[in-house]
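These are my notebook entries on the relation between the chains, their interface, the enclosed cavities and some backbone details.

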There are 2 protein chains.
Amino acid sequence: MKIDIFNHVMPMRYLEMLKQHSKDAGIVKRMTNLRMLWDIEARVAMLREKFQDVRQVLTLGLPPPELLGGPDFSPELARIANDGMAEMCRKWPQEFPAFVASLPMNNISAALEEMDRAIGKLGARGIQICTSVAGRPLDDAEFLPVFERATNHHDVAIWMHPVRLASRADYPNEPKSKYGIWQVLGCPFKTRVGMARIVFSGMFVTLPKLRIITHHCARVNA
Amino acid sequence: MKIDIFNHVMPMRYLEMLKQHSKDAGIVKRMTNLRMLWDIEARVAMLREKFQDVRQVLTLGLPPPELLGGPDFSPELARIANDGMAEMCRKWPQEFPAFVASLPMNNISAALEEMDRAIGKLGARGIQICTSVAGRPLDDAEFLPVFERATNHHDVAIWMHPVRLASRADYPNEPKSKYGIWQVLGCPFKTRVGMARIVFSGMFVTLPKLRIITHHCARVNA
């Protein structure tokens, strides 16, 4: 059996929110075009036909709630995402043994509440954060309660997803990144930077039981 | 015998130019503090005492001529750098079997002339370029004659040095990079991006004999 522990989905209601509220046409197109991200019946059929030995731990694809809505709206977006992933796990427990909660990281008290709800009531087995929270580094003191609660209270791991905008050019005189560099090279770089900040800021000293899962097998949409 | 093929020096006259003309106080301080970069007699003494089996192929440390002077001045800066490195090789041929020429990349006709002079008259065994030319990518058509001449006319390799400013923050809300991330993680990232551009723009198809040497064992000055 192979367990893919960092697999993305996008619950249909979250995709609808993305289409309605995103100001980034590029990511709406990218996510809409990736049918296996949101057509979960098709995904299950594919798994049953071609990948019988694969299990998928579900996480939300980008953008995270805090990049899609302000602090008043992001908590609802996180609930929509987590309810949607919990439902997939209930419906297809064989294929999807677990999911990981997304949080509204621009509203920390709501993020802590949603963490408790998603883990306590929906059965989430961890939380997902991005390598930056709307541009801010993860060792910003405001975010420590999230790491602390996940680690010391819930004893779950933290899945870290790289964020780098496709619009971010690799050279200052260019309008955008070429050849998918922003993703294939830029995302692992963001993960390295994010982890370096967590290590050198001493977060593993503050929270000795902290566990972080990084990933990113990128594909380029030519 | 160990041959370090990507070792930096800074000829004293180039260091003086750096002190006089650089607008970046940080790099002046960094380079001035690295005595083994410009006190070559002390370096040779160190090599003879502690590293008898090491040979060093010399290249210029940052900044390159085009980041220190405009197109009217950078050719002189490149000549100062190359004359200085050639002299080190003449004086200590055992320790320094070869050097690699720096070029004024913001003045391409002068860069081609200096390449010819440094290789033909001074005995340079290659050229050094940075991963960007004052912010511009290396697959910019203007730079192709430099790659073409080094490869097809002189048949020498191209040493590629990463450039990333210490002032470049890792997160947009911060004034500068922390923990040396810009260098230890940022420089290898710049090398990857620079090589990706050369590969995907087809430069190895245009110039099948093109050879590029990348490197960067970074140290952090705490």
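**Entry 1: relation of the chains.** Before comparing copies, I note that they are superposed by least squares on the C-alpha atoms of residues with pLDDT of at least 70 in both. The model I am working from is predicted. I looked up the operation that brings chain B onto chain A, and found a rotation of 180 degrees with 0.0 Å of shift along its axis. The RMSD of this superposition is 0.0 Å. I therefore record the relation as that of a two-fold axis. I then asked which C-alpha of chain B is nearest the axis. It belongs to F189(B), at 3.4 Å from the axis.

**Entry 2: the interface.** I next looked up the contacts between the chains, with contact taken as heavy atoms within 4.5 Å. On that criterion, 27 residues of chain B are in contact with 27 residues of chain A. Why do I write that the copies meet through the same surface? The reason is that 100% of the interface residues of chain B are also interface residues in chain A.

The size of an interface is often given as the accessible area lost when the parts come together. For chain B and chain A, I note a buried area of about 2300 Å². Carbon and sulfur atoms give 62% of that area.

I also looked up charged pairs across the interface and found a count of 2 salt bridges between chain B and chain A. For one pair I noted the partners: the side chains of E174(A) and R197(B) meet in a salt bridge, with an N to O distance of 2.6 Å.

**Entry 3: cavities.** How many cavities of 30 Å³ or more does the structure hold? I find 4 of them. The largest contains about 70 Å³ of space. Of the 13 residues lining this largest cavity, P64(A), P65(A), S102(A), Q128(A) and C130(A) are the closest to its centre. The elements giving two or more residues to the lining are α5 (65-68) and β5 (126-130) of chain A. The largest share, 3 residues, comes from β5(A). Sorted by class, I count the lining of the largest cavity as 9 nonpolar, 3 polar and 1 charged residues.

I then turned to the second largest cavity, which has about 50 Å³ of space. Its lining consists of P64(B), P65(B), E66(B), S102(B), L103(B), M105(B), Q128(B), I129(B) and C130(B). Here α5 (65-68) and β5 (126-130) of chain B are the elements that give two or more residues. The largest share of this lining is again 3 residues, from β5(B). By class, I record 6 nonpolar, 2 polar and 1 charged residues around the second largest cavity.

**Entry 4: backbone.** I looked up the peptide bonds and found that L62(A) and P63(A) are joined by a cis bond, with omega about 0 degrees. I place P63(A) in the loop between β2 (54-60) and α5 of chain A. In chain B, the peptide bond from L62(B) to P63(B) is cis, with omega near 0 degrees. P63(B) is in the loop between β2 (54-60) and α5 of chain B.

Finally, I checked phi at D155(B). Although D155(B) is not a glycine, its phi is positive, at about 55 degrees. I locate D155(B) in the loop between α8 (144-153) and β8 (157-161) of chain B.

Technical notes. Residues numbered from 1 in each chain as written. Chains lettered and ligands numbered in written order. Predicted model: local features only at pLDDT ≥ 70, side-chain atom pairs only at ≥ 80, totals over all residues. Heavy atoms only, no water. 1 Å grid on protein atoms, 1.4 Å probe; cavity = no way out; pocket = protein on both sides within 12 Å on 5 of 7 lines; lining within 4 Å. Points joined across faces, edges and corners; volume = space filled by probe spheres on them. Helix = DSSP H or I, 4+ residues; strand = E, 2+ residues; numbered from the N terminus. Nonpolar A, V, L, I, M, F, W, Y, C, P; charged D, E, K, R; others polar. Buried area = accessible area lost by both parts, 1.4 Å probe. Salt bridge = Lys/Arg side-chain N within 4 Å of Asp/Glu carboxyl O.
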